[in-house]
Amino acid sequence: MANGDAACSVPTIKFTKLFINGEFVDSVSGKRFETIDPRTGEVIALISEGGKEDIDIAVKAARHAFDSGPWPRLPGAERAKILMKWAELIDEHAEEIAALDTIDAGKLYHMCRNVEVPATANTMRYYAGAADKIHGEVLKGSREFHAYTLLEPVGVVGHIIPWNFPNSMFYVKVSPSLAAGCTMVLKPAEQTPLSALYSAHLAKLAGVPDGVLNVVPGFGPIAGAALSSHMDVDAISFTGSTKTGREIMQAAAKSNLKQVTLELGGKSPLIIFDDADIDKASELALIGILYNKGEVCVASSRVFVQEGIYDEFEKKLVEKAKAWVVGDPFDPKVQQGPQCDKRQFEKVLSYIEHGKREGATLLTGGKTVGNKGYFIEPTIFSDVKEDMLIAQDEIFGPVMALKKFKTVEEVIKSANNTKYGLAAGIVTKNIDTANTVSRSIRAGTIWINCYFAFDDDVPFGGYKMSGFGKDHGLEAIYKYLQVKSVVTPL
Ligand code: NAD
């Protein structure tokens, strides 16, 4: 385990209260909850705990800002100016934001500082650029009528986000909905409230009017449930587990039939064919499962390798996994930090035990690292049968299920043998194989000869039980808009 020759110091925690109507305020109950540093298991800060009443106050603020405030009525170009300023502030404060995600979620500081945080500033810029290009269309209509459509913001949006990419998820949700002219209440995951509260402060500095963005940390079954069942919330945009997604849909159905979009779990296959460069493909497979310690919805948790290269591939993969550096995520040499929290740490370990009991072969890993915090070795199982729990459940940790295959038909069937459909990867030099497989796999994103290739203009979202609706791309703006048809006699 690498020791934290930390290149960056732990930041001072400035924002620990709920952000409602432009102010940082205590919760009505006065309750606070602990947010924990997964490197040590120690408390970082006490955070005001939002409950049902706080959600109600925040929704009222957002409703007022929507019904009577300037935001939805501003010309798109004016909204864009504020969002562009916010993007500049993200860049200026990138060190601090990155460090908050590192101490709260165990994410690699250098990856956050140099890749993920700058990417969120660009996400904001992308949607700022779209804010003045939202328009309906003039329709041909009939001989008697002239018709046109207006695209109007959907209203008050509830955003509920998970803990694996706290800062990125925040901006993936708020940027398009703000550009569309919505107002909102965002509930960060209880494990990782820090960067969301910091970003609320940046919103205020950028000039986002009071009440437009409200951030209410709190627990899922309390604050999250209050938001998804609130009668005055018009839409919920959720990222998290399939189980919670189902509960949110039920809450929406039982309350005011609010619009719901769900970005849920995955069990993504990465398929490597005989003609692949073994060195590059094994690197891709490893990064596919170990990036962000496997706490990634699109992690390549099932790797299928064609029989001609299987043995050599397995050898290379295990060598690389053994050399992978686990340790303090502030250390630039470290490739993998701790799991996000104790619950996730224990869940991953219990899946590893399951894998062993089910008869899969543990090629490497399987143990904890160090004597404090939530570190787990990169873990690879082979001889994984498709009905094993480790081949079907989303583990959300550094655990790969490796499997040999013979034919294209066989691997397509295996890859689709999951309730999820978020993403898949294909490695081959054969364009026909790549095209056939990408069309045959039921998943929302297919990466050919790459993995984790995200961009602001590339829509992202699931098939099957990985959910519906898209984040990223212009598609994401449209989920925060509704179409009004206006018809008039000629
Ligand atoms: P989770 O569903 O337990 O929690 C996610 C969020 O939902 C948190 O903010 C939580 O407080 C809230 N929540 C929990 N119960 C709730 C309820 N009853 N009502 C309303 N809100 C509630 O998920 P998690 O374990 O924190 O996150 C990991 C999951 O997220 C994985 O399944 C992962 O695949 C998924 N995920 C998906 C994507 C994607 O884009 N598809 C991205 C990241 C993570």
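## Overall fold

Of the 490 residues in the protein, 54% are buried. The model is predicted. Its secondary structure comprises 15 helices and 24 strands.

The C-alpha trace spans about 70 × 60 × 40 Å along the principal axes of the protein. A compact globule of 490 residues would have a radius of gyration near 23 Å, and the protein has 23 Å, so the two values agree. Among contacts between residues at least 6 apart in sequence, 73% join residues at least 24 apart.

## The annotated position Glu-263

The UniProt annotation "active site", from an unreviewed entry, covers Glu-263. This residue lies in strand S11, which consists of residues 259-263.

Glu-263 counts as buried because 27 other C-beta atoms lie within 10 Å, and the cut-off for a buried residue is 20 or more. Neighbours within four places in sequence are left aside in the following contact list. Glu-263 is in contact with Phe-238 and Thr-239, and also with Gly-461, Gly-462, Gly-467 and Asp-471.

## Helix H9 and its surroundings

Helix H9 covers residues 278-290 and has 13 residues. At 1.5 Å a residue the helix should span 18 Å; its end C-alpha atoms are 18 Å apart, so the expected span and the model agree.

The buried residues of H9 are Ala-281, Ser-282, Leu-284, Ala-285, Leu-286, Gly-288, Ile-289 and Leu-290. They pack against one helix, H10 (307-323), and against strands S12 (269-272), S13 (302-306), S18 (399-405) and S20 (423-427). Just after H9, Asn-292 takes a positive phi of about 55 degrees.

## The three-stranded sheet

Strands S5, S6 and S24 form an open sheet in the order S5-S6-S24, and the pairing is antiparallel. The edge strands are S5 (138-139) and S24 (481-489), each of which pairs on one side only.

Strand S6 comprises residues 145-153 and runs antiparallel to S5, to which two bridges join it. On the S5 side, Val-138 has Tyr-148 of S6 as its bridge partner.

How values were computed: Residues numbered from 1 in each chain as written. Predicted model: local features only at pLDDT ≥ 70, side-chain atom pairs only at ≥ 80, totals over all residues. Helix = DSSP H or I, 4+ residues; strand = E, 2+ residues; numbered from the N terminus. Expected span 1.5 Å × (residues − 1). Buried ≥ 20, exposed ≤ 12 C-beta atoms within 10 Å, placed from the backbone. Contact = placed C-beta atoms within 7 Å. UniProt positions renumbered as here; feature names shortened; annotations may be inferred. Rg over C-alpha atoms; globule rule 2.2 N^0.38 Å. Pairing = 2+ DSSP bridges.
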